[in-house]
Amino acid sequence: MVRFLHCLKTLPVRAVALVLLWAALWTPALAAETAWNDYGQGRVRLVSATENASGELVLGLQYQIAPGWEIYWRSPGEAGFPTTIVWDGSDNIVEPRIDWPLPHRFEIFDLETYGYTGEVVLPIVARASRAGDAVAIRAEVNFLTCEEVCIPHTLPVSLDLPAAGGSGPRLSQHAALINKYRALVPPRDDRRGLHVERVDVLPGREGQRLQVVARSDRPFVAPDVFVEGPPSFVFTKPAARLSDGGMRAVLSVPVATTALAGMEPPQLLGTELTLTLLDGERAVEQTLTASLGAADEAAFLPFFAILALALLGGLILNVMPCVLPVLSIKLLHVVAHGGGAQAAVRQSFVATAAGILAAFVALAAILVGLQAGGAAVGWGVQFQQPLFIVAMTLVVTLFAANLWGFFELRLPTWLAGAGSAVDEDRHSLGGAFAGGVFATVLATPCSAPFLGTAVGFALARGPVEIFAIFIALGLGMATPFLLVAAVPRLATMLPKPGRWMIAVRRVLGLALAGTAVWLVSILGFQVSAGAAYGLAALMVAILGLLATRSRWPAALRPVAHAAVVVVAILSLATPQLASTVAPAEQVDDSYWQPFDAEAIPQLVAAGKVVFVDVTAEWCLTCKVNKELVLNRGAVAALLRSPDVVAMRADWTNPDEGIARYLASFNRYGIPFNAVYGSLAPNGLALPELLKESVVLDSMTRAAGRNLVASGS
């Protein structure tokens, strides 16, 4: 030692400084990393974020992988196995855990795998069992690397970290590199603005598949999801569709099983799944239970298929219960052309079809405007406005009075002039156009098969889709009129209007009067009974004035006309003059409870099946569902049973909560029904038109057991 010190004295001062600096830099590197271990297709080493050991240990397994080769993620996919580390020879290190950065998808031999290429660091978090002592790592790293062939490797790693002592941990030169890859580990919260709402199991003819519904705080770019579950399942690349301006993603994940042929395939229902949702470099990891769900088929249909559904939905709308109030207008339009000229028939029916299309375009424009303003949108929501109900009541009453011959409905010159040629029954093209508009407005309080799917698709997207789909709906509803326009003989073959037409007009007028009564009853639910009685009295006054005006002296008839106008204006003020406090919700029977979305999870956890019925007084299809299915037979008995909780949501008036609830199922119209149970905690949506067998089967599937009806 004396000789060594003597040698240092004889060295130049600058040389001594360089030696000391080199030693200071070289020593920590040895303490914070192992030597590279070359395995032929790359190299690997263990690095530490600190030069010494403290309570928490942050390490990293650093790979530098040769081009074309890969190593595997914790769930390798259809082939391979992940990196594992055996720590048996180590001292003073416990609970080591590999945190896995986000992987990439690869395809090898037509097999889908997940892993890493190039350089990657697998962060490792552990702790020292004796916080004040040094750490000795003697471990084996096992991994598989693949290109055209796969080669397994087992390599030793050895690293010693001295005790931190009183100085505390000192960061090493590898800390930044390890932290870079720790930042790529998906968090288990929504700090990245991503969230998986639910994962549904969708049984099908070709086996099971998963439907993952996710949300983002900014529009998705390229959403993807890695699914980890029981080893008997293989989950491959999903198809993704976006809605709500790109903020909602529905991912359909194909599922295969490794069960041998002839064996009963395992079921995913009730299984816990780990989902890693990613969008570019953003990712989140969540664990959810796979529940029974209904396919969001619209999300994966091409746009032309959605347009076809809209055409079909618009056509079916012509025969839905909601159209019954305007059936008299349609029938009158047909029978009035009996024996007429084919050219006049063609023009009149084209004008009616144009009115239908114009009404749908106007509805689309209104919904786009409401959507842009952040308001809740939906199909038929105009019936939630009392002023609209009053206006429709007034129009329907005037139509009925016209059919009864109390007065002739003369359109303004600018409207009637659209078809100056008036046939002998005084039907102008302007009147036909107005009839199409009116029929459409009154025909939209309820949904219909295919229509709900198309409208849901449109309203979950943007203005272009809304206008395109609503035009397709209009064409569908206008199809019968366009058919008659193409083959006018369908109308002209009817008898020419005569005395029989007077009787037809009276009967159809009664149908419209019934529509007015229905509208008045809606106002009673929306505003108050007083408002309904007041509006009814005003409508009776209008009918009385119009029916008797012909017997008034000629000089006083203008007074009668003015009185009609005054009464009409008063009727429009009815909602404001009456109480604006809506009455309490009315239910059919004591077993129906008010809708409470927050209570549903607790009820399901308690073993209950929850049946939700979203309805409204203006929804005639809802009433048909009640009378034919919900309030009778086996369904009513099951809804009364102690195992079932029946909830009814009344959407007669605007309700943001109900609108959000419908939108969560990508629905924007009613009727809507959903069933919840232990196997369907997120809800199973039912078709618009209910059948007893469908309701009973859905409740049994959601419960995962046979339910006992009340009184059984």
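This section describes the fold of a predicted model, from its overall make-up to its sheets, helix contacts and individual residues of unusual backbone geometry.

The chain contains 21 helices and 25 strands. Of its 712 residues, 48% count as buried. When contacts between residues at least 6 apart in sequence are considered, 74% of them join residues at least 24 apart.

Several of the strands assemble into antiparallel sheets. One is an open sheet of 5 strands, arranged in the order 1-2-3-9-6. Its edges are occupied by strand 1 (37-38) and strand 6 (94-98); each has a single partner strand, so one side of each is left without a neighbour in the sheet. At the strand 1 edge, the antiparallel pairing with strand 2 (residues 42-48) rests on 2 bridges, and Asp-38 has Arg-43 of strand 2 as its bridge partner. This sheet also meets a helix: helix 3 (residues 175-182) lies across strand 2, strand 3 (56-65) and strand 9 (119-127), and runs at about 95° to strand 9. An angle between 65 and 115 degrees counts as roughly perpendicular, and the value of about 95° for helix 3 and strand 9 falls in that class.

A second open sheet consists of 3 strands in the order 5-10-11, again with antiparallel pairing. Here strand 5 (84-86) and strand 11 (150-161) are the edge strands, each pairing on one side only. On average, neighbouring strands of this sheet are turned by 25° against each other, with direction ignored. Strand 5 is joined to strand 10 (residues 135-146) by 3 bridges, and the two strands run antiparallel. Within this part of the sheet, Val-86 stands opposite Glu-140 of strand 10.

A further antiparallel pairing links strand 4 (residues 71-77) with strand 8 (residues 111-116) through 3 bridges. Ile-71 stands opposite Tyr-116 of strand 8. Strand 4 is mostly covered, as 5 of its 7 residues are buried. In a regular strand, side chains alternate between the two faces of the sheet.

Helix 7 (residues 386-403) takes part in two helix contacts. With helix 14 (residues 529-548), helix 7 packs at an angle of about 25°, and the two axes are 10 Å apart. Angles under 35 degrees count as roughly parallel, and helix 7 and helix 14 are therefore roughly parallel to each other. The crossing of helix 7 past helix 14 is right-handed. Helix 7 contributes Val-390, Thr-393, Leu-394, Thr-397, Leu-398 and Ala-401 to this contact, while helix 14 contributes Leu-535, Met-539, Ile-542, Leu-543 and Leu-546. By class, the contact of helix 7 with helix 14 comprises 9 nonpolar and 2 polar residues, with no charged residue.

The other partner of helix 7 is helix 15 (residues 557-572); the axes of these helices come within 9 Å and cross at roughly 150°. Because angles over 145 degrees count as roughly antiparallel, helix 7 and helix 15 are assigned to that class. On the helix 7 side, the contact is made by Leu-387, Val-390, Ala-391 and Leu-394, and on the helix 15 side by Ala-568, Ser-571 and Leu-572. The residues of this contact divide into 6 nonpolar, 1 polar and no charged. Val-390 and Leu-394 of helix 7 thus appear in the contact with helix 14 and also in that with helix 15.

Individual loop residues were also examined. Most residues other than glycine have a negative phi, and most peptide bonds are trans. Asn-92, in the loop between strand 5 and strand 6, has a positive phi of about 65° although it is not a glycine. With a relative accessibility of 4%, Asn-92 counts as buried. Asn-666 likewise has a positive phi, of about 60°, and lies in the loop between helix 20 and strand 24. Asn-666 is buried at 8% relative accessibility, the cut-off being under 20%. The loop between helix 20 (656-664) and strand 24 (672-677) also holds Pro-671, which is joined to Ile-670 by a cis peptide bond with omega of about 10°.

Finally, Thr-271 is located in the loop between strand 17 (248-257) and strand 18 (272-279). Thr-271 has a relative accessible area of 16% and is buried. Not counting residues up to four places away in sequence, Thr-271 touches Pro-230, Leu-288, Thr-289 and Ala-290.

How values were computed. Residues are numbered from 1 along each chain as its sequence is written. This is a predicted model: local features need pLDDT of at least 70, side-chain atom pairs count only at pLDDT 80 or more; totals for chains, interfaces and linings use all residues. Side-chain values use heavy atoms; hydrogens and water are left out. Axes are lines fitted to C-alpha atoms, for helices over the stretch in contact, and angles run from 0 to 180 degrees between N-to-C directions. Helices (H or I, at least four residues) and strands (E, at least two) are DSSP runs, numbered from the N terminus. A crossing is left-handed if the near helix is turned anticlockwise from the far one by less than a right angle, and right-handed if clockwise. Contact means heavy atoms within 4.5 Å. Ala, Val, Leu, Ile, Met, Phe, Trp, Tyr, Cys and Pro count as nonpolar, Asp, Glu, Lys and Arg as charged, and the others, Gly among them, as polar. Two strands pair if DSSP finds at least two bridges between them. Buried means under 20% relative accessible area, exposed over 50%, partly exposed in between (1.4 Å probe, protein chains only).
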